[in-house]
Amino acid sequence: MAINNINEIIMETNPCDKPTNGKSPIQSKVSRYTKPDNTVVLVNGVKIGGSDIVIIAGPCAVESKEQLFSTARSVKAGGAAILRGGAFKPRSSPYNFQGMGEEALKLLSTIRSETGLPVVTEVMDTRQVELVASYADMLQVGSRNMQNYPLLKEVGLSKKPILLKRGMMATIEEFLLAAEYILSQGNDQIVLCERGIRTFETSTRNTLDLSAVPMLKRLTHLPVIVDPSHGTGLRWMVPPMAKAAIAVGADGLIMEVHYKPDVALCDGFQSLSLDEFDLLMADMKKISHAIGRKIAMPKVVSV
Ligand code: PEP
Ligand code: MN
């Protein structure tokens, strides 16, 4: 039987909370009760969900070879283990930059060969899954698509690791059930990402729900990471929230970094500059150490 609500997920999480009314056990694949040990997601050699904290960084969107390559080289030097960069962008206005499409995928694949950094990029449509999966190491399902059930099923059928972002109006229960869709198709390589939700508060772009991290870690065996860029929408607020995310137990972070944030075609106001990223990484190493973890080192590329 499939899980239907958060109470069932919670009851499954803690055997002591299991109902004694004779109800048969519910086998949700996402639940920590079903699988007590943490799932470790392997992204082309980089482990997410193990003891090390994984930093994913890069531009919101791939805009040019120069922009992507200089940003990628710099975030690698700063300690990022995975590169992000949108090729197909879900923009609020159809007149805004929509991404470079396959050309961006080719650039991502070229810079992966040079840096060794695995690549995560968004897939917005079932018809793009095959194409994006042929270039990327990890497929991102964005906030706006968290409840696109045909897409969830399609990426569930692919053999690629999935970065599933929380819908901006999704409850924890809906978020976990979205992951269950992917798991139900046989793919357990899922990383959950808290990226802020819509509340009555307007001073930040979204309200970054850091309480989602310990809640999700309790309810599910899947790794949980945080996106303080979309979560706040404010460049200056990314470092404090990134540090807080590590302190509350996130397995990693995904952050937007741009070599020239002021001229970015997408989300420049929330993108860190290369120097800001380097400074933040130094602080995050200290916080990780304080909680008995460390930041995963980027892979060494043999030349
Ligand atoms: C992104 O990562 O660039 C993005 C569009 O994220 P979200 O789906 O969380 O808005
Ligand atoms: Mn963005």
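**Exercise 1. Find which residue of β10 stands opposite Ala57, and place this pair among the strands.**

Solution. Ala57 stands opposite Met255 in β10, where strands (E, at least two residues) and helices (H or I, at least four residues) are DSSP runs, numbered from the N terminus. This is a predicted model, in which local features need pLDDT of at least 70, side-chain atom pairs count only at pLDDT 80 or more, and totals for chains, interfaces and linings use all residues. Residues are numbered from 1 along each chain as its sequence is written, chains are lettered from A and ligands numbered from 1 in the order in which they are written, and side-chain values use heavy atoms, with hydrogens and water left out.

Next, take the strands themselves: β3 (residues 52-58) and β10 run parallel and are joined by five bridges, two strands being paired if DSSP finds at least two bridges between them. Within β10, Ile254 is the bridge partner of Ile56. Ala57 also has a bridge partner in β4, namely Leu83, and β4 (residues 82-84) runs parallel to β3, with two bridges between them. On β10, strand β9 (residues 224-226) pairs in the parallel sense over two bridges, with Val226 partnered by Leu253.

**Exercise 2. Decide whether the faces of β3 and β10 are buried or exposed.**

Solution. Begin with β3, where Asp52, Val54, Ile56 and Gly58 on one side and Ile53, Ile55 and Ala57 on the other are all buried, meaning under 20% relative accessible area, with exposed over 50% and partly exposed in between (1.4 Å probe, protein chains only). Because seven of its seven residues are buried, β3 is largely enclosed by the rest of the structure. Then turn to β10, from which Gly252, Ile254 and Glu256 point one way and Leu253 and Met255 the other, all of them buried.

**Exercise 3. List the protein donors of the manganese ion (ligand 2) and locate His230 and Asp267 in the chain.**

Solution. The protein donors are Cys60 (SG), His230 (NE2), Glu256 (OE) and Asp267 (OD), at 2.0 to 2.4 Å from the ion; donors are N, O and S atoms within 2.8 Å of the metal (3.2 Å for Na, K and Ca), and since water is not among the atoms, sites may look incomplete. Their spacing in sequence is C-x169-H-x25-E-x10-D. His230 and Asp267 link distant parts of the chain, 37 residues apart, with His230 in helix α8 (residues 228-232) and Asp267 in the loop between β10 (252-256) and α10 (274-290). Finally, His230 counts as buried because its relative accessibility is 9%, and Asp267 counts as buried at 10%.
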